[in-house]
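Please take a moment to look over the sequence and the model before reading on. The paragraphs below go through it one region after another.

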Amino acid sequence: MSATYRVAVRALCDFTARQGGLDHRFTPAPSAREGMEGHTLVTSRRGEDYLAELPLSGKFEGLIVTGRADGFDPTANRLEEIKTHRGSLERMADNQRALHWAQVKVYGALLCAERALEQITLTLVYLDIASGKETLISQEATADELHAFFAEQCQRFLAWAEQEAVHRQDRDSGLQTLRFPHAAFRPGQRELAEDVYKAASTGRCLLAQAPTGIGKTMGTLLPMLSAMPRQQLDRIVFLTMKTPGRRLALDALATLRTSDETLPLRVLELVAREKACEYPDRACHGESCPLAAGFYDRLPAARQAAVDQGWLDRDALREVALAHDVCPYYLGQELARWADVIVGDVNHWFDSHALLHGLAQANDWRTGVLVDEAHNLIERARGMYSAELDQQRFNRVRRAAPKALSRPLGRLARQWQALFKDTSFKEAGLEEEGDPRKPAYRLLTVLPDKLVTAAQQVGAAITDHLGEHPEDASLELQELLFEALAFCRLAERFGEHSLCDLTRYGRGRAVLGLRNLIPADFLAARFNAAHSVVLFSATLNPAHYYRDLLGLPENTVWREVASPFTACQLEVRIRTDISTRFRDRDASIDPIVATMAQQYQRKSGHYLAFFSSFAYLEAALARFREAHPEVPVFSQTRGMPEAQREEFLARFAPGGEGIGFAVLGGAFAEGIDLPGDRLIGAFIATLGLPPFNDFNEALKARLTARFGQGDDYTYRIPGMIKVVQAAGRVIRSPEDQGVVVLMDDRFAQASVRALLPRWWGA
């Protein structure tokens, strides 16, 4: 092998020693934290000479193998591989045990070579998290035997490693001559590309505000790909908020591949498990699903076919998987290790259990991360780091749970009741039956520690019980377990970045929530884990709002790409005589309807009208239909299914007329493209401010204490982001002409107008 290729021991054994089928039936397993604590417990029981986390490395031909052995006792000449578990070891699958032996044998070979040992004792240490009991399984091995095993594993991997090294060389060589695939850059696109390239070259984060229509997707992908060989990037990750964003990225990558058919670039689209599953009515194991049976036996051929193909969007990946009778979803998870560009949802990097972030950490990747529609990341991340306990689900599970769980479930039930006996809850009306149409709500000043402890005990009890009685693993019991574990994990990190609240919808129907307010405390490490992160959107103003709430590094660069559009393309009118404040809603409807009708009479065509809520929308729609029955109108509805959303958008056909009523911040306020005369104007009857309630006031207080910007960060900036996004539906290209009518007197305030795009000239 001419080129040098590095591989971790774990990755090497995953590649060479896995066999048999997938089995994703629920089996209780320690959490990552419990695993680390278990390793610490085992090593603390060893002698003073014991070497924990021992770094080892070795070479076989052109392959460098590295890793950290869990522990070595030089006195006993014993090398240990520590694994934590729950339940009976007898239930551990044979292929899992074989993988553990493979790992310790490879470490043994490296250790014998490094220390010139002739033989060694290899030991698998299985620690039962529940009892703290260790089970040791040992075997003696000579250095020659271990070297032969090591050589066999390396030989199995060597052809793949050589292929990967050659692919990396060819890929980097092709990217060094990558050219822009169109005749000319769009206005502003070159400037964006230059900023992205500089960020990648200096290993910094970039916030890039760039208007719609300049080609942001190509303007970010091209320079990051160009920087890939020069900065020795291993992977590029393109993250989106919604499916249409993935399609735009894949289209741009397809254009680049078409413009240079010799470019050996592997592209993978990651989709959600439920969308990739071929047998949604079957359990994910070999006894139930034919694509899980023998998965690892057929994986090598499927993996090779996939990387040979190179282009692996959802349809192509499915085609390869089914041709080899393997699961498309888990084939995609495997190929995430070998693709050059991975396109997927933001959760794949930023969620607490993110696949791509985990792979990057395990394999020490240098990663370039691109985040599309980044103005949404704050709310998405808040959701990732929030959790709930549902009393109604708990009660339902408790009634049908195995008797062995009655005591811990009973303790948790008593802690639920104790919450409502607290005087402060009585004062809030939370102890009463309550009106389900108007639930009682209370912010908690501290975590209910006794309830959290009871939830932890329930999680441990269910886990231990299912370890011994897997036949009791009902869907609802598993859901309660996952809910309790997620809640308790976040409770361990509870601090000023989150708050706790309680909502009661009636007797036995309460929800205890941990709500993240400041995702920065969770996301900062994710930004630091990447070589460079570029966040881009048409609305990333003001920069300090995103820097503070996302936890971006101090040296993050903010750039605003000049708009290719001009004020003469968009007429912006402000009705300062209308108030859309809640107390003025009824009085505002008639002047809003009159304004819309006057503009429509002035120039008929397609318009969108945005309101702050469905109730407000429905009232205005009814009045408009009554006053102007001659004007075609259609409306977004609550819980609108995808088919109806498509019908709504289809109404905006070229040359048509009518007004579509929609909710600000909803499905039609961003991410849709209606160029030309498909949309010639928008009416925005709101400032988009979040509702004034206990939660948002608590958020405001927390953001004031942390950043001194409570009112702006809670209300004004999030509201205006929605307004600008909605208005951005009107002008989509340099040829478009349109009008935006802003209806609220507060749009005249200097602090509000400062948040509008400068090119509007408003």
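**Rings, strands and unusual backbone**

Phe-652 counts as buried, because its relative accessibility is 0%, and buried here requires a value under 20%. The model in which this residue is seen is a predicted one. Phe-652 forms an aromatic pair with Phe-634, and the arrangement is edge-to-face, with 5.3 Å from centre to centre and 75° between the planes. The pair links distant parts of the chain, since Phe-634 belongs to strand E21 (residues 633-635), while Phe-652 lies in the loop between helix H24 (642-650) and strand E22 (658-663), 18 residues apart. Phe-634 also counts as buried, at 6% relative accessibility.

This pair can be set beside others, for a search of the whole structure finds 25 aromatic pairs. One of them is formed by Tyr-545 and Tyr-546, which meet edge-to-face at 5.0 Å centre to centre, with 80° between the planes; both of these tyrosines are buried. Elsewhere, ring pairs link Tyr-5, Phe-15, Phe-157, Trp-160 and Trp-338 into a cluster. Trp-160 has a further contact, in that the charged end of Arg-303 sits over its ring, 5.4 Å from the ring centre.

A contact of this kind also leads to strand E15, where the charged end of Arg-504 sits over the ring of Phe-420, 4.0 Å from its centre. Is strand E15 enclosed by the rest of the structure, or is it exposed? Seven of the seven residues of E15 (residues 498-504) are buried, so the strand is largely enclosed by the rest of the structure. Both of its faces are covered, with Ser-498, Cys-500, Leu-502 and Arg-504 buried on one side, and Leu-499, Asp-501 and Thr-503 buried on the other.

The strands that pair with E15 can be followed next. Strand E14 (residues 440-444) runs antiparallel to E15 and is joined to it by five bridges, and within this pairing Tyr-441 stands opposite Thr-503. Strand E16 (residues 510-516) is likewise antiparallel to E15, and seven bridges join these two strands; here Leu-512 of E16 is the bridge partner of Leu-502. E15 and E16 form a hairpin with five residues between the strands, and in this hairpin Gly-506 takes a positive phi near 150°.

The backbone deserves attention at a few other places as well. As background, most residues other than glycine have a negative phi, and most peptide bonds are trans. Against that background, Ala-116 has a positive phi, near 55°, although this residue is not a glycine. Ala-116 lies in the loop between helix H3 (94-115) and strand E5 (119-128), and, with a relative accessible area of 67%, Ala-116 is exposed. Glu-373, again not a glycine, has a positive phi of about 50°, and its place is in the loop between strand E12 (367-371) and helix H14 (377-384). With a relative accessible area of 26%, Glu-373 is partly exposed.

Which peptide bond is cis, with omega near 5°? The bond in question runs from Asn-541 to Pro-542, and Pro-542 is found in the loop between strand E17 (532-537) and helix H21 (543-550).

Key:
Residues numbered from 1 in each chain as written. Predicted model: local features only at pLDDT ≥ 70, side-chain atom pairs only at ≥ 80, totals over all residues. Heavy atoms only, no water. Buried < 20%, exposed > 50% of the residue type's maximum accessible area, 1.4 Å probe, protein only. Helix = DSSP H or I, 4+ residues; strand = E, 2+ residues; numbered from the N terminus. Pairing = 2+ DSSP bridges. Phe/Tyr/Trp six-rings, centres within 6.5 Å; stacked < 30°, edge-to-face > 60°. Lys NZ or Arg CZ within 6 Å of the ring centre and 35° of its normal.
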